[in-house]
Amino acid sequence: MRLLSVVLSGGAGSRLWPASRQAFPKPFMKLGGSTLLQQAVERGQACGTGDLMIVTNKDHLFLTKDVLRQMADPPETTLLLEPKGRNTGPAIALAALQCIKQFGGDTVMLVLSADHLVPDVEAFVASASEAFRLAEKGALVVFGISPASPDTGFGYVEVENVSRESQRAKRFVEKPDLRTAQEYLATGRYYWNSGMFCFTADAIIAAFEQHAPGLLKAARRALESSQSTDHAVEFDLHSFGLQPDISIDYAVMERADNVHVVPAKFSWSDVGSWPSVAKAHTADASGNTMPSDIVAIDTTGTHVQVDSHGPKLVATLGVHDLVIVDTPDALLVAHKDSAQDVKRIVDSLKSRRHETVHLPAVVHRPWGTYASLKEEDGYKVKRITVKPGESLSLQYHHQRAEHWVVVRGTALVQVGDAEHETLPGEYRYIPLKEKHRLTNIGEDELVLIEVQCGPYLGEDDIVRLADTYGRV
């Protein structure tokens, strides 16, 4: 039996703002020392899947590669790069078609989400083994979670009776209102729909053919017009956009008659809100989840998360059941009872075109990162890091000059046609409209401080002349 992990790595995680942003979404957040994406990949590896396929937005290609690069034993990976989000139906259809092309239709696909938390990997492996057995027999398998509460944030799957045994699904139902969710729990016949699945590639394609032929036809066209390079498949925007925006549940699972539910014998969280993040941490005697250096007086049930460019003292006094998330460019203070509504803040910021919706405080690029440390009229101060062997584009600016000071590593700075090796403590000046380039020629990370001076300091004042990453 050939096993393939398919990790769906999408979504903005807007309820986890300000830590999760459109350009740095939830799968790349660290929880328990590693990113949620890495944890999903490692769960698949623990189940014996020898190959990996990740479906993600093309803008997250270098973030995804960074996660895989940092793993001790990364699997052989195929990346399906979406030009925009199109929901789980098209994502799984494309993955199954690519799986048949690459590995064969009898390959068992274990479909995982990149933003779930499953602490007990051994228990997950036991449930996955049962799912593999059913999938080999032609079943479409969904992992069911025994409801801990009448939650309105999940879809539900009805069975004959909730038990520890696998059984046929009777029906799928969408996210209910609170009263309906309470009724579901009272019957003892409903699981939460985890959004994790298992089936052979042939079986899920046959289900698409029967229940969503239009979607499958559009997916085939999108794959036919795609371009494949270096274990990555990049889809054409037009062809990809012709696929319907529909979930796998609507497209197939609610209609198919060969769906089985494997009950999860493991703890699970979709990490969909700050209270769920708090539950993933060990609370102190007062129910607080926060770093040990925070001064908390008369504080209970409160989650505090701090991400600062430098040391910052945080203190709480007389507060209870709050979520406090401090990033260099944004601060969230919310009551846990309102934490599900953080998306309302994001929607408000979107209407104002506020950049904190899209960009994180530390912006990741293929070559490294940059972070704005200070900005006032006429100047901006940045911290820039460059990975060994990488370089920024050859570029110039219409409205700003720049001053660079290397603080760590060895840089090759091109100004005009001249190149200068620049060591820690040394300085280079980039005049207005002069072409320039920064390259890390050392073996360690390059760090420099950049001071921009000019009447306009926006990121769009960049004219690229040449670029390693095809952004010209």
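In this predicted model, Q243 is buried, with just 1% relative accessible area. The residue sits in the loop that runs between α8 (237–241) and α9 (248–253). Setting aside neighbours within four places in sequence, Q243 is in contact with R86, P90, L94, A218, A219 and A222. Several of these names turn up again in a helix pair: P90 and L94 belong to the α3 side of the contact between α3 and α7, while A219 and A222 belong to the α7 side.

That helix pair is worth a look in its own right. Two packed helices are described by the angle between their axes and the distance between the axes. Here, the axes of α3 (residues 88–102) and α7 (residues 213–224) come within 9 Å and cross at roughly 60 degrees. The angle therefore makes α3 oblique to α7, and the crossing is right-handed. On the α3 side, the contact is made by G89, P90, A93, L94, L97 and Q98, which meet L215, L216, A219, R220, A222 and L223 of α7. Sorted by character, the residues of this contact come out as 9 nonpolar, 2 polar and 1 charged.

Moving on from α3, the loop between this helix and β6 (108–113) holds F103. With a relative accessibility of 18%, F103 counts as buried, because the cut-off for that label is under 20%. Leaving out residues up to four places away in sequence, F103 touches R2, L4, D51 and M53. Another residue to set beside F103 is A201: the two are 98 residues apart along the chain, yet their C-alpha atoms are separated by 9.5 Å.

Further along the chain comes helix α11 (residues 342–351), in which V342, V346 and L349 are buried. These residues cover an arc of only 60 degrees around the axis, so they end up on the same side of α11. What do the buried residues of α11 pack against? Their partner is the strand β19 (330–335). The face of α11 turned away from the buried side tells the other half of the story, carrying the exposed residues R344 and S351. After α11 comes R353, which has a positive phi, near 55 degrees.

Definitions and conventions. Residues numbered from 1 in each chain as written. Predicted model: local features only at pLDDT ≥ 70, side-chain atom pairs only at ≥ 80, totals over all residues. Heavy atoms only, no water. Axes fitted to C-alpha atoms, helices over the stretch in contact; angles between N-to-C directions. Helix = DSSP H or I, 4+ residues; strand = E, 2+ residues; numbered from the N terminus. Parallel < 35°, antiparallel > 145°, perpendicular 65-115°, else oblique. Left-handed = near helix turned anticlockwise from the far one by under 90°. Contact = heavy atoms within 4.5 Å. Nonpolar A, V, L, I, M, F, W, Y, C, P; charged D, E, K, R; others polar. Buried < 20%, exposed > 50% of the residue type's maximum accessible area, 1.4 Å probe, protein only. Arc of directions from axis to C-beta.
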